[in-house]
Amino acid sequence: MYYNSDVIQSHCCLSFDENTLFGMGNPLLDISAVVDKDFLDKFGLKPNDQILAEDKHKALFEEIVKRNKVEYHAGGSTQNSVKIAQWMIQKPHKVATFFGCIGTDHFGEILKKKAEEAHVDAHYYEQNEEPTGTCAACITGDNRSLVANLAAANCYKKEKHLDLDSNWELVTKAKVYYIAGFFLTVSPESILKVAKHASDNNKIFCMNLSAPFISQFFKEPLMMIMPYVDILFGNETEAATFAKELGFETDDIAEIAQKTQNLPKANAKRQRVVVFTQGKDDTVATVGERVTMFPVLDIDQNDIVDTNGAGDAFVGGFLSALVQEHALEECIRAGHYSANVIIRRVGCTFPEKPEFH
């Protein structure tokens, strides 16, 4: 299916209907603004990082919205990826389903509207105890420091949403599943239920290492889900941290990919695929027993506007080809294309139609 190995060529035909792709994660409203080094220093931020907001960052959100030229975009890693997958596919609409938790507020209404505009079938768990989550993207040059205030996103409840018959029915309709590692901080039990369903029914479950702090501080839930992961995504920094946490004793990315592929796996019918992106350097992927390098598309440095959504966009492009049963090489090509489009624009936004063939 997503490879040329006989093991994978099992007869699990993907019908290409609504709700074929299922995503679940933290829906956030991205607030992006260009800041200076003083701003980063004031809040103790690294130029290129992803962290969860602490008390000391409360003022950051108030301050960033006062900056000139603030942009608001529907975000959250998984939601970005399924939105881009839907954009790459175009028709039918609602191929992608998305679950996550929002607040009953203005930002929540924006997220609902944006999901609808993107033709994603979003079913949010809405609660009024916490406001809709936000993510401050503090941009300096080519760098971006992300500070996520999960708020409502943190309130997702398996028994109040995922377990409801009408919602679970949407889960079972899907053939490909994608959940970013970020959701491990919220509801590992929800991820496990979906991952087990995929594994038991020989469907494809994909996950992302998402950020170094996930491997460092959420290693236990991450490794609880790992046996069910058919395709694992990550970038070079996340891969290195993951390797360190698991005692792989190598910083060679190809070797890390291979060792990750060989971790225990529940569904033996599918060999795990590991895909690590490295910015402008080659993407590394396990193809059968080998590790292969796939060069990214050339881009002039001056055309790069915002690398913020590059990783999410890569996954979105990849998933769009995966649900259409394309080979791994083709999935990576689609991922490289969508990432190349997104980095030319501010936020995880895209033109009306893709020009991908």
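Q: Which residue just after helix 3 takes a positive phi?
A: Q90 does, in this predicted model. Its phi is about 65°.

Q: What peptide bond joins K91 and P92?
A: A cis bond, with omega at about -5°. P92 sits in the loop that runs between helix 3 and strand 5.

Q: How do I check helix 3 itself, and what should its 13 residues span?
A: Start with the rise. At 1.5 Å a residue, helix 3 (residues 77–89) should span 18 Å. The C-alpha atoms at its ends are 19 Å apart, which agrees.

Q: How many residues of helix 3 are buried?
A: Begin with the general idea. An α-helix has 3.6 residues a turn, so residues three or four places apart point the same way. Now the case here. In helix 3, 13 of the 13 residues are buried, so the helix is largely enclosed by the rest of the structure.

Q: Which strands does helix 3 touch?
A: First, the sheet involved. Five strands form an open sheet in the order 3-8-7-2-4, and the pairing is mixed. Strand 3 (49–52) and strand 4 (71–75) are the edge strands, each pairing on one side only. Neighbouring strands here are turned by 20° against each other on average, direction ignored. Helix 3 packs on this sheet and touches strand 2 and strand 4. The direction of helix 3 makes about 80° with that of strand 4.

Q: In which sense do strand 2 and strand 4 pair, parallel or antiparallel?
A: Antiparallel, over five bridges. Strand 2 covers residues 28–34. For one register point, take L28, which stands opposite G75 in strand 4.

Q: What is the strand order in the sheet of nine strands?
A: A general point on strands comes first. In a regular strand the side chains alternate between the two faces of the sheet. Here the order is 6-5-1-9-10-11-12-13-14. This sheet is open too, with mixed pairing.

Q: Which strands stand at the edges, and why is one side of each left without a neighbour?
A: Strand 6 (121–127) and strand 14 (290–294). Each has a single partner strand, so one side of each has no neighbour in the sheet. On average, neighbouring strands of this sheet are turned by 20° against each other, direction ignored.

Q: Which helix packs on the sheet, touching strand 1, strand 5, strand 6 and strand 9?
A: Helix 6 (residues 165–173). Its direction makes about 145° with that of strand 5.

Q: How many bridges join strand 12 to strand 13, and how many join strand 13 to strand 14?
A: Three bridges join strand 12 (residues 273–278) to strand 13 (residues 281–287), and the two run antiparallel. V275 has A285 in strand 13 as its bridge partner. Strand 13 and strand 14 also run antiparallel, joined by five bridges. There, V284 is bridged to M293 in strand 14.

Q: What do strand 13 and strand 14 form?
A: A hairpin, with two residues between the strands. G288 in the turn has a positive phi of about 60°.

Q: Where do N202 and E249 lie, and is each buried or exposed?
A: Neither is a glycine, yet N202 has a positive phi of about 50° and E249 one of about 55°. N202 is in the loop between helix 7 (188–200) and strand 10 (204–208). Its relative accessible area is 11%, so N202 is buried. E249 is in the loop between helix 10 (236–245) and helix 11 (253–261). At 79% relative accessibility, E249 is exposed.

Q: Which residues have the most contacts inside the largest nonpolar core?
A: The general tendency first. In soluble globular proteins, nonpolar side chains tend to be buried together. The largest core here has 101 residues, and V194, F205 and F318 have the most contacts inside it. Helix 13 (residues 328–342) gives the most to this core, with eight residues. Another core lies apart from it, with 13 residues, among them A33, V35, F43 and I64.

Q: What does F205 touch, leaving out residues up to four places away in sequence?
A: Its contacts include Y177, I179, I191, Y228 and D230.

Q: Which residue does UniProt list for "active site"?
A: D312, in an unreviewed entry. D312 is in helix 12 (residues 310–322). With 14% relative accessibility, D312 counts as buried. Setting aside neighbours within four places in sequence, D312 contacts S77, N80 and S81.

Terms used. Residues numbered from 1 in each chain as written. Predicted model: local features only at pLDDT ≥ 70, side-chain atom pairs only at ≥ 80, totals over all residues. Heavy atoms only, no water. Core = buried A, V, L, I, M, F, W, Y, C linked by side-chain atoms within 4.5 Å. Buried < 20%, exposed > 50% of the residue type's maximum accessible area, 1.4 Å probe, protein only. Helix = DSSP H or I, 4+ residues; strand = E, 2+ residues; numbered from the N terminus. Contact = heavy atoms within 4.5 Å. Expected span 1.5 Å × (residues − 1). Pairing = 2+ DSSP bridges. Axes fitted to C-alpha atoms, helices over the stretch in contact; angles between N-to-C directions. UniProt positions renumbered as here; feature names shortened; annotations may be inferred.
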